[in-house]
Amino acid sequence: MRQRILILVMVGILAFAGFSGCKQMGEWTGQGAQEVEEGAESFEDGYDKGKD
């Protein structure tokens, strides 16, 4: 009985750790995408100024 409880606790911990890791990676990816979009806008502004 104790082994089953231990196994369930371990599975719960691993599932939670995996979920929190995926959430963190998603946040980092979102921040990176936002920075890329801002960089693209700056590039476009510089390009337009250079054409003038």
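**Exercise 1. Work out which exposure class I5 belongs to at 45% relative accessibility.**

Step 1. Recall the classes: buried is under 20% relative accessible area, exposed is over 50%, and partly exposed lies in between, using a 1.4 Å probe and protein chains only.
Step 2. At 45%, I5 counts as partly exposed.
Step 3. Now place I5 in the chain: this residue lies in helix α1, where a helix is a DSSP run of H or I with at least four residues, numbered from the N terminus.

A word on what you are looking at: this is a predicted model, in which local features need pLDDT of at least 70 and side-chain atom pairs count only at pLDDT 80 or more, while totals for chains, interfaces and linings use all residues. Residues are numbered from 1 along each chain as its sequence is written, and side-chain values use heavy atoms, with hydrogens and water left out.

**Exercise 2. Find the nonpolar surface patch that includes I5, and give its accessible area.**

Step 1. Patch members have over 30% relative accessible area and no salt bridge; nonpolar side chains (Val, Leu, Ile, Met, Phe, Trp, Tyr) are joined within 5 Å and like charges within 9 Å. A salt bridge puts a side-chain nitrogen of Lys or Arg within 4 Å of a carboxyl oxygen of Asp or Glu.
Step 2. The patch consists of M1, I5, L6, V9, M10 and I13.
Step 3. Together these residues offer about 630 Å² of accessible area, computed by the Shrake-Rupley method with a 1.4 Å probe, where for residues only the protein chains shown count as cover.

**Exercise 3. Identify the residues of the negative patch, then look at E38 and D48.**

Step 1. Asp and Glu count as negative and Lys and Arg as positive, leaving out His and the chain ends; each charge is placed at CG of Asp, CD of Glu, NZ of Lys or CZ of Arg.
Step 2. The patch gathers E35, E37, E38, E41, E44, D45 and D48 on the surface.
Step 3. E38 sits in helix α1 and is partly exposed at 45%.
Step 4. D48 is in helix α1 too, and its 36% makes it partly exposed.
Step 5. To relate this patch to I5, take E38: the two residues are 33 apart in sequence and 50 Å apart in space, C-alpha to C-alpha.

**Exercise 4. Count the aromatic pairs and describe the geometry.**

Step 1. Rings of Phe, Tyr and Trp (its six-membered ring) pair if their centres lie within 6.5 Å; planes under 30 degrees apart are stacked, over 60 edge-to-face, and the rest tilted.
Step 2. This rule gives one aromatic pair.
Step 3. The ring centres of F43 and Y47 are 6.5 Å apart and the planes meet at 15 degrees, so the pair is stacked.
Step 4. Why about one helical turn between them? Because F43 and Y47 are four residues apart in helix α1.
Step 5. F43 is exposed at 60%, whereas Y47 is partly exposed at 47%.

**Exercise 5. Follow helix α1 through Q31 and G50.**

Step 1. Helix α1 covers residues 2–51, and Q31 lies within it.
Step 2. Q31 is partly exposed, with 47% relative accessible area.
Step 3. From Q31 to V9 is 22 residues in sequence and 33 Å between C-alpha atoms.
Step 4. G50, also found in helix α1, is exposed at 62%.
Step 5. Between the C-alpha atoms of G50 and G32 there are 27 Å, for 18 residues along the chain.

Technical notes
Helices (H or I, at least four residues) and strands (E, at least two) are DSSP runs, numbered from the N terminus.
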